[in-house]
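Ready for a guided look at a protein model? Have the picture open and rotate it as you read.

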Amino acid sequence: MIRKSSITEAGRSLYASKQRTILALIGIMIGIGSVIAMISVGQIVSNESLKQFRDMGTDLISIEKGYSETDNSSSKKAKFTLDTTKTLKQQIPAIHLMSPVVTAFGEFSLSGIKGDVNLIGITPEFISLNKLKLRAGRFITDLDRNQPYIMLGAEAFDQANIPVTEDMLGREIRMNKRYYTIVGILEDAPKSELMSYQTNYSAIMHISTTSRNFNIIELATVMARIKENVKPVSLINTIQDYFSRKQQGLNIRVSTAEQLLKQMEKQMQLFTLLLGAIGSISLVVGGVGVMNVMLVSVTERKKEIGIRRALGAKRSDIQNQFLVEAMILSMLGGAIGIVIGIGVSYVLSIVNNWEYMISYMAILLGVGVSSSVGIFFGYYPAYQAARLDPITALRSD
Amino acid sequence: MLKLIDIHKSYKIGPTDLAILQGVDLEVFENDMLAIMGTSGSGKSTLMNIIGLLDKPTSGTYLLDDKEIMQYSDDELSSKRNEKIGFVFQQFNLLSRLTALENVCIPLIYRDTPTAIMHKQAMSMLKKVGMDDRADHRPNELSGGQQQRVAIARALVGKPALILADEPTGALDTRVGAEIMELFKTLNRDEGITIVIITHDPGIAEQCPRYVIMQDGKLVEKNLQNKGQAA
Ligand SMILES: Nc1ncnc2c1ncn2[C@@H]1O[C@H](COP(=O)(O)OP(=O)(O)OP(=O)(O)O)[C@@H](O)[C@H]1O
Ligand SMILES: [Mg+2]
């Protein structure tokens, strides 16, 4: 049982040996602080990298051509074309948005500046599926079929080191000996690991224009969104069946955002855990500091232990007294450590431009860990104190 | 109250046994006031520690309230010390971090006495030893005699039946020592507390109705004539 008086007593004796107390506090502070900082940073970074992915939604799937191990002639001949996707939505009603995409690569020249640019050919559904927003101009529509109109991703000319500016609207850009008019400029588009294209770093035109002008037959990918109450994974086989019926030997690989997200979350957890483990090393050092202070304290207060035993303290009373002291030490250090850890992770987030979030898990962990450090590293010295023979203790000074 | 029969105590020093107590017999009665004398190193403190349940004899029988103490567990011994015995030491043994009042409170802490009651009882004990005006002083702000008074208040606060004082006046001058002796005599006379005092001072021993001398590891009873009943 812990008495209220043993808490005030412990506070006093810690105060009486200020220097040692402060040194032990610093140790435990750094220990808890680094665990909290590491875990917070881990969580912030995971959140950062998963955020955009989540923004894109877990109803997203990508359909791509797969390569079968049994490369027979029919699977080699099978082509993943726009035509094969025409009846996809009709036949699989769970798919409510479908966006076939072709990709290409080109050299451009714009007002005398030359560079490389990625090209994406799309259908209008691409826009809602990718949650695109306009900065200026208009989107590509079905009216742009086979027409030389393009819209630019937010950093379409990044490879050429040219910023995309609104005054580019209406200008003509030359690619592959043809001229295209810039009709729209996009805002920064959300990204997903699931996509094999990069909207932000591309010039975008109607799929028919890309196919014709750049001579592209096969789709790079088909992105799709699934209705809310359907589990994406349950559709994988249905989709594969659909395509193999459409095109004999066509091997299709379906990836779902859900699976990928789970995978990434697992990796991120591992990453956070690893950071936490690195932080724990300094925590152990801090704990040993507490133990050292407590051992010295027990040695210095042998006489006191003897007096208390003579006045009726039981072994458990002595044990508790020192345990409480160790716990106060480590919890106080822990509290300061939590503040330091949060501070450090906050500063790191600002410096690295991450979205800061306070990690309640880390705080909870900090409180839990610091009290367990107190118990764990305080137990041995407290046990030593309790085990002292009253007479031996009383005789020492 | 307590009875020692053929108590032996020896310390192992290397391969040899150093026999300190070699068959001590002693009976202490309710309301006794007993002095123990003896040369330095004769084993007085050793005996006192055994009586005070701080140490255990190597062999022999120690009956406290007719019960053999060897059967007590460590926790039971602690409780017995707390309830039954008050210690007064030569070097006072006050805790320097605590005030006089807090020092006096210690025995009550281990009985889980509520704080308010604890302070009240400690205060009345300080009053009894004439130290109530120094309740908030720390030991290093008190003279030796004052510290010993606080220590006596601490020994008394638990209302023990027995006070064990190991050279309580040893660190004090004659006048202050006499005051402390007066205090003991009053406690013995007015409150019926049994008191055992170890002393080197024959003057102090003479003031006790009964005194024994430690010689060659045994106790020799002296002025039995002062006491109505014989051991
Ligand atoms: N833990 C111990 N180990 C070995 N010897 C001990 C121990 N404690 C006491 N002794 C020895 O026992 C003997 C008696 O000691 P004790 O303290 O009882 O003497 P005392 O009669 O109280 O002497 P004083 O009048 O000087 O206080 C001494 O010789 C001492 O060295
Ligand atoms: Mg002695």
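Which residue does B:Leu4 stand opposite in S2(B)? Its partner there is B:Leu26. Keep in mind that this is a predicted model, and let's start with the sheet around that pair.

## A sheet in chain B

The sheet is an open one with four strands, and in chain B they run in the order S2-S1-S4-S5, paired antiparallel. Strands S2 and S5 (67–68) of chain B sit at the edges, each pairing on one side only. If sheets are new to you, here is the basic idea: strands pair through backbone hydrogen bonds, in either a parallel or an antiparallel way.

Now zoom in on strand S1 (residues 2–13) of chain B. With strand S2 (residues 16–28) of chain B, S1(B) shares 10 bridges in the antiparallel sense. One of the partnerships is B:Ile7 with B:Val24 in S2(B), and another sets B:Leu4 opposite B:Leu26. S1(B) also pairs antiparallel with strand S4 (residues 59–64) of chain B, over five bridges. Here you can find B:His8 opposite B:Ser59 of S4(B).

## Turns with a positive phi

Where S1(B) and S2(B) form a hairpin, two residues lie between the strands, and B:Gly14 takes a positive phi near 65 degrees.

Glycine isn't the whole story, though. B:Asp66 is a residue other than glycine, yet its phi is also positive, near 65 degrees. Look for B:Asp66 in the loop between S4 and S5 of chain B. Is B:Asp66 buried or exposed? Its relative accessibility is 72%, so B:Asp66 counts as exposed. B:Lys159 isn't a glycine either, and its phi is positive at about 50 degrees. This lysine lies in the loop between helix H5 (144–156) and strand S7 (162–166) of chain B. B:Lys159 has a relative accessibility of 61%, above the 50% cut-off, so it counts as exposed.

## Rings that pair up

Time for some aromatic rings. A pair of them is described by two things: the distance of the centres and the angle of the planes. Searching the whole structure turns up eight aromatic pairs over all chains. In one of them, A:Phe80 and A:Phe243 have ring centres 5.5 Å apart and planes at 80 degrees, so this pair is edge-to-face. The two partners come from distant parts of the chain, 163 residues apart: A:Phe80 is in the loop between helix H3 (73–77) and helix H4 (82–85) of chain A, while A:Phe243 belongs to helix H8 (residues 236–246) of chain A. A:Phe80 is buried, with a relative accessible area of 0%, and A:Phe243 counts as buried at 0% relative accessibility.

What does a stacked pair look like? Try B:Phe87 and B:Phe89: their ring centres are 5.8 Å apart and their planes are at 5 degrees, so they count as stacked. Both B:Phe87 and B:Phe89 are buried.

Back in chain A, ring pairs link A:Phe80, A:Tyr242 and A:Phe243 into a cluster. Rings can have charged company, too. A:Lys18 lies over the face of A:Tyr15, at 4.7 Å from the ring centre. The charged end of A:Arg138 sits over the ring of A:Tyr149, 5.5 Å from its centre.

## Chain A as a whole

Zoom out to chain A, which has 13 helices and 10 strands. Its radius of gyration is 33 Å, well over the 21 Å that the globule rule gives for 397 residues, so chain A is more spread out than a compact globule. The C-alpha trace of chain A spans about 100 × 50 × 35 Å along its principal axes.

Of the 397 residues in chain A, 50% are buried. Take the contacts in chain A between residues at least 6 apart in sequence: 81% of them join residues at least 24 apart. Chain A exposes about 19,100 Å², with carbon and sulfur atoms supplying 57% of it.

## Chain B as a whole

Chain B contains seven helices and 10 strands. What radius of gyration does chain B have? The value is 18 Å, which agrees with the figure near 17 Å for a compact globule of 231 residues. Its C-alpha trace spans about 50 × 40 × 40 Å along the principal axes.

Buried residues account for 55% of the 231 in chain B. Among contacts in chain B with a separation of 6 or more, 69% are between residues 24 or more positions apart. The accessible surface of chain B comes to about 9,900 Å², and 49% of it belongs to carbon and sulfur atoms.

Definitions and conventions
Residues are numbered from 1 along each chain as its sequence is written. Chains are lettered from A and ligands numbered from 1 in the order in which they are written. This is a predicted model: local features need pLDDT of at least 70, side-chain atom pairs count only at pLDDT 80 or more; totals for chains, interfaces and linings use all residues. Side-chain values use heavy atoms; hydrogens and water are left out. Rings of Phe, Tyr and Trp (its six-membered ring) pair if their centres lie within 6.5 Å; planes under 30 degrees apart count as stacked, over 60 as edge-to-face and the rest as tilted. Buried means under 20% relative accessible area, exposed over 50%, partly exposed in between (1.4 Å probe, protein chains only). A charge sits over a ring if NZ of Lys or CZ of Arg is within 6 Å of the ring centre and within 35 degrees of the ring normal. The radius of gyration is taken over C-alpha atoms; the globule rule is 2.2 Å times the number of residues to the power 0.38. Contact means heavy atoms within 4.5 Å. Accessible areas come from the Shrake-Rupley method with a 1.4 Å probe; for residues, only the protein chains shown count as cover. Two strands pair if DSSP finds at least two bridges between them.
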